[in-house]
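Thanks for coming. I have one structure to go through today, so please look at the sequence and the model while I talk.

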Amino acid sequence: IAERVGETKQAVSQFLQKSQSEFCRNPDLLFSNFAPELYTVWNFAKATNEVKHFGNIPPEIVDNLLYYYTQPFDVVFDPFGGGGSTIDRCVARKRRYYVSDLSPIPARTDIRQHDITSGLPDDLPVPDLVFLDPPYWKQAEGKYSDRETDLANVTLDEFLDTIGGIARDVKRKWQKRSGKLALIIGPCKEDGKYIDLAMLCRERITKYLNPVTRIIVPYSTQVHGGAFVQMAKEKRELLYLYRDLMVFEAC
C-alpha cells in the first residue's frame, strides 16, 4: 500500500490503525442505509449484482454476513469469486479480502486465480470469515468451465471432499483464533435422484467446525423451466426454490 500511494510504511500503518479504531468504535457508520435481515429466512426480491455472472447470488447475502460476523478490517476469504460481489461488499464495508476463483472472469482483474482443490492459497492471511459459494455440483456441470477440477464437473465424493478439506484447512489456519465459515448451497438432482447437498456438506464440515445457524435463502426468480414443472406435476414431486446458508465456527 505504501508503495502504491507514495507514503512510508509507518504513515500507512498509523492511518490504518486510526481508521480501524474509529470504525470499530462506530461500526454502524459502514452500514448506513442498510437494514439487516432479522430472521432466518433471507428473501431478496431481485438480483442487484453489478457484474452479471452465472450463479450470481444477491450481494445482500454477503452484506448480511459481513454485518453479523465481521468487524472493520477483518479478512474475508472467498475461493469461489464468481462475479466479484464479495470484493464489492468488502470494499464498501471496509473489510480486507482475498478472493480467488478457478477461472476468474476477464471483467474482474481483482480476482486471483487459484484451484481450491489443491488446498488453501499459500499467501492467504488468516481469515476471519470464509465464504463458500461453490457450484451446486451437477446442476452447474460445464457452465463455469470444462476443467476437470471444476466442482461442477467432479464426482459427488470429490465435491464433498473439497468442501470438507476447506473446513479442515481453515481450522488449522485459525489454530487458537476464532473465525466463521459460511456456505451457501442448494439441492440438485442426479439421474432423477434428489441430492441434499446442504446436509451432505454439513456432515463433512462438522467433522472440524461447529454449526452456528442455518438460514433459508429463497431464489428471487423461478429456477425450473416449463418441462420440469410439468414433469413434477405428473410425478407428484416437489420442486425446490431455496438455498441453505449455513454458518460454522471453530470447535
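I will go through the sheet, then the helices that lie on it, then the core.

One point before that: this is a predicted model.

Start with the sheet. Seven strands form an open sheet, in the order S3-S2-S1-S4-S5-S9-S8, and the pairing is mixed. S3 and S8 are the edge strands, each pairing on one side only.

I will take the pairs from the S3 end. S3, residues 112-113, runs parallel to S2 and is joined to it by two bridges. Aspartate 101 stands opposite glutamine 113 of S3. S2, residues 96-101, is in turn joined to S1, residues 75-78, by four bridges, and these two strands also run parallel. For registration, valine 75 has arginine 96 in S2 as its bridge partner, and aspartate 78 stands opposite valine 99 in S2.

On its other pairing, S1 meets S4 in the parallel sense over two bridges. There, valine 76 has leucine 129 in S4 as its bridge partner. Which way do the side chains of S1 point, and are they buried or exposed? Val75 and Phe77 point one way, Val76 and Asp78 point the other way, and all of them are buried.

Now the antiparallel pairs. S5 and S9 pair in the antiparallel sense over six bridges, with leucine 181 opposite phenylalanine 248 in S9. S8 and S9 run antiparallel as well, joined by nine bridges. Two positions fix that register: threonine 213 stands opposite valine 247 in S9, and isoleucine 215 stands opposite leucine 245 in S9.

Next, the helices, beginning with H4. S1, helix H4 (residues 85-92) and S2 make a right-handed β-α-β unit. H4 lies across S1, S2 and S4, and runs at about 175° to S2. The buried residues of this helix are Ser85, Thr86, Ile87, Arg89 and Cys90. Their cover includes H3, S1, S2 and S4. Just after H4, lysine 94 takes a positive phi of about 60°.

H5 is the other helix to look at. It covers residues 156-174, 19 residues in total, and reaches 27 Å from its first C-alpha to its last, close to the 27 Å expected at 1.5 Å a residue. H5 lies across S4, S5, S8 and S9, and runs at about 165° to S5.

Which residues of H5 are buried? They are Phe159, Leu160, Thr162, Ile163, Gly164, Gly165, Ile166, Ala167, Asp169, Val170 and Trp174. As a reminder for reading that list, an α-helix has 3.6 residues a turn, so residues three or four places apart point the same way. The cover over the buried residues of H5 includes strands S4 (129-132), S5 (180-185), S8 (209-218) and S9 (242-250), together with helix H6 (197-205). After H5 comes glutamine 175, with a positive phi near 55°.

That leaves the core. The largest nonpolar core has 55 residues, and the members touching the most other members are Ile61, Leu65, Phe159, Leu181 and Leu245. At least two residues of this core come from each of helix H3 (59-69), S1, S4, H5, S5, H6, S8 and S9. H5 gives the most, with seven residues.

I will follow one of those members, leucine 245, a little further. What does leucine 245 touch, leaving out residues up to four places away in sequence? The contacts are Trp42, Ile61, Leu65, Ala182, Leu183, Ile184, Thr213, Arg214, Ile215 and Val217. Ile215 is thus on the contact list of leucine 245, and isoleucine 215 is also the residue standing opposite leucine 245 across the S8 and S9 pairing. Ile61 and Leu65 appear on that list too, and both are among the core members that touch the most others.

To recap: a mixed, open sheet of seven strands, H4 across S1, S2 and S4, H5 across S4, S5, S8 and S9, and a largest nonpolar core of 55 residues to which H5 gives the most. That is everything I have; questions are welcome.

Terms used
Residues numbered from 1 in each chain as written. Predicted model: local features only at pLDDT ≥ 70, side-chain atom pairs only at ≥ 80, totals over all residues. Heavy atoms only, no water. Expected span 1.5 Å × (residues − 1). Buried < 20%, exposed > 50% of the residue type's maximum accessible area, 1.4 Å probe, protein only. Contact = heavy atoms within 4.5 Å. Pairing = 2+ DSSP bridges. Right-handed = clockwise from strand over helix to strand, strands pointing away. Axes fitted to C-alpha atoms, helices over the stretch in contact; angles between N-to-C directions. Core = buried A, V, L, I, M, F, W, Y, C linked by side-chain atoms within 4.5 Å.
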